[in-house]
Amino acid sequence: MRLYQQLILFMLAATVLPLAIVGFLLLSRSEQALAQRIDEQQRATATATAEAVEASLMEVVNGLARSAELLPWERATPDEVRGMLMLLYGQSTTVSAVIQADANGQPLGPAVFRSAEPLEHHPAFDAASVRQLAHAVPVEQFRKGGKGQAALGSAYVHAGSGVAAVPVAVKLGASEEAPYAVAELVFTQLEALLARRANDGSARLDVVDTEGRILASSQPTRRMAALEPELREALGPLQGADTGRSFQLKDPARRVSVAWVDALEMGVVVTEDEALALTPVRELRTTVLASVAGALLVLLALGALFTRRLDRRLAQVVQGAEAYGRGELERRLPVEGQDELSELASTFNRMGEELEASRARLMSWNDDLRVRVEEATADLRAAQLQLVEAQKLAAVGQLGAGVAHEINNPLAGILGNVQLLLLDRAADDTDFETLRKIEQSAKRCKEITQNLLRFSQQRERPDLRPVDLNAVVRDALSLTENQTRGEGIDLVTELSADVPRVKADPGHLSQVVLALLSNARTAMMKTPVKRLTLRTGERDGMCILEVEDTGKGIAENIRPRIFEPFFTTKDVWSNVGLGLSVAWRIITEAGGTLEVRSEAGQGARFTIVLPRA
């Protein structure tokens with residue numbers, strides 16, 4: 001076997017094969033991890049959607065029950081009964097029709113509906129539809145119930161239009177023979193909810209009943225269709241299924257999660273094409289295959305070049321030995337690199353150099369002298385460059401000091417002259433107010449310059465020392481007050497004069513206050529009432545700073561995550577979600593706590609609690 005073949009086999013065994021094996025093992029693990037994460041996301045989506053479906057329908061049911069309980073059905077005339085049915089019908093756009101039925105489930109009069117609206121929202125009602133709705137809920141089961149008691153029936157298909165609906169019956173009196181109001185709820189609005197929760201069209205969300213019929217779907221064309229036999233068989237008995245159950249289908253490959261709502265006898269099924277979900281990993285596998293093939297081709301090419309170079313250098317050694325045998329002592333072999341062949345070539349060269357020792361020593365001395373001169377010249381040039389850079393830095397420092405001096409001197413002159421002019425003016429002088437505004441603007445320039453300088457001098461490690469909490473708040477407001485008021489926000493400050501000093505890093509604490517002010521302004525961008533309140537005080541021996549806004553608030557389900565790094569709820573994603581995370585770390589390092597109280601649509605209140613100095 002030639003040297004080239006041995007080299008290729010060695011490179012394959014030592015590099016390409018191990019890398020390919022490790023790469024495919026890592027890709028398999030990545031695919032498993034991605035599949036597990038998809039299942040977790042699907043389960044979370046199915047559970048959250050099931051809760052939203054239940055909340056949406058139960059909100060309508062409870063509203064109908066409360067309204068029916070408050071209306072005087074016992075003493076109402078037929079026209080008044082129809083008017084009260086119209087009131088129930090107007091409770092929600094989900095209600096497509098309302099009828100009155102007796103204690104035996106027989107309809108009393110025509111249905112209340114708006115037939116002029118589109119079919120997909122309010123199906124037309126004929127006599128068959130009225131009978132179907134009247135018998136859709138077994139009202140006999142709660143005859144002994146009180147007035148306002150409500151019950152949901154099983155989902156069915158509207159007789160006239162084929163639209164999926166679910167009936168709800170509300171008892172209109174306390175006696176056993178009291179009539180009922182039966183309302184039909186359609187699923188068209190639920191489909192809009194499912195479409196919003198679908199993941200960019202790659203996932204499909206279906207609301208199914210116990211018989212496996214699709215009552216609502218993120219793809220409206222599937223409405224009232226039956227689930228695929230393979231999916232129906234995998235789901236098994238739907239009623240009472242475990243919430244958040246996930247599994248995989250093979251043909252075609254899909255990942256499915258289901259969450260069941262026992263109160264509605266419905267379930268939410270999330271289906272996603274596995275090929276689309278795992279596309280990144282499979283594309284990466286193709287890339288790895290191409291990379292391994294490319295690496296193999298590169299190794300073959302490099303191996304061919306290396307062995308060719310090796311053969312050439314061995315031929316040079318053979319030719320040099322033959323030349324020395326013929327007495328050609330001036331022959332020299334080229335020395336390339338620092339390998340064994342180079343050492344062999346050097347040995348041949350030293351054999352010839354022994355015969356020309358004087359000239360070799362002279363040439364060696366000249367070469368050494370030239371190298372030293374070049375090194376000394378390089379050192380001199382490097383020192384000269386360092387000197388030039390040092391001079392540049394010194395010039396920049398002098399320029400900065402001069403600029404600061406030139407700014408401070410005119411500013412001091414402006415302040416001094418304005419204050420002298422104010423001393424010569426009475427309060428009712430026409431120029432007095434203009435001079436006072438000039439004085440305030442000059443002072444504000446001075447305060448802003450000092451605050452920016454102080455904020456830029458923050459340290460990586462906290463420097464905990466006694467800090468005036470009110471002063472920190474005022475300094476932060478001096479940087480953002482004009483911008484805050486310019487956005488139409490009513491700024492209210494309630495700073496307690498008796499609040500003691502706190503133990504904190506002033507620069508880091510200023511950063512926390514600025515972050516909270518920025519978040520409050522962002523939360524109030526689209527709210528009609530914009531009021532930002534800052535207050536300081538004491539509570540249980542600790543000093544507190546509250547930042548309260550009237551913004552969009554924080555939903556309860558995401559409130560525990562607001563201090564996580566990279567988590568954000570802003571409409572315009574900015575600052576990579578680190579503001580509150582950094583603020584929480586700064587406050588905890590100072591021995592304090594950062595509390596939050598908020599409801600969705602009710603604003604938010606962040607409270608900084610710090611120990612006294």
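User: Which residues of helix H13 (residues 579–589) are buried?
Analyst: This is a predicted model, with local features needing pLDDT of at least 70, side-chain atom pairs counting only at pLDDT 80 or more, and totals for chains, interfaces and linings using all residues. Numbering starts from 1 along each chain as its sequence is written, and side-chain values use heavy atoms, without hydrogens and water. Helices (H or I, at least four residues) and strands (E, at least two) are DSSP runs numbered from the N terminus. With buried meaning under 20% relative accessible area, the buried residues of H13 are Leu 580, Ser 581, Ala 583, Ile 586 and Ile 587.

User: What do the buried residues of H13 pack against?
Analyst: The test is contact, heavy atoms within 4.5 Å. The partners are one helix and two strands: helix H12 (506–523), strand S16 (593–598) and strand S17 (604–610).

User: Which residue with positive phi follows H13?
Analyst: Its phi is near 85°. The residue is Gly 591.

User: Which are the edge strands of the open sheet of five strands?
Analyst: Pairing takes at least two DSSP bridges between two strands. The order is S7-S6-S10-S9-S8, paired antiparallel. Each edge strand pairs on one side only, and they are strand S7 (214–217) and strand S8 (245–249).

User: Which residue in S9 is the bridge partner of Ser 246?
Analyst: S8 and strand S9 (residues 254–261) are antiparallel, over five bridges. In S9, Ser 246 has as its bridge partner Ser 257.

User: At what angle does helix H4 run to S7?
Analyst: H4 (residues 188–197) lies across strand S6 (203–209) and S7. Axes are lines fitted to C-alpha atoms, for helices over the stretch in contact, and angles run from 0 to 180 degrees between N-to-C directions. For H4 and S7 the angle is about 55°.

Definitions and conventions
Buried < 20%, exposed > 50% of the residue type's maximum accessible area, 1.4 Å probe, protein only.
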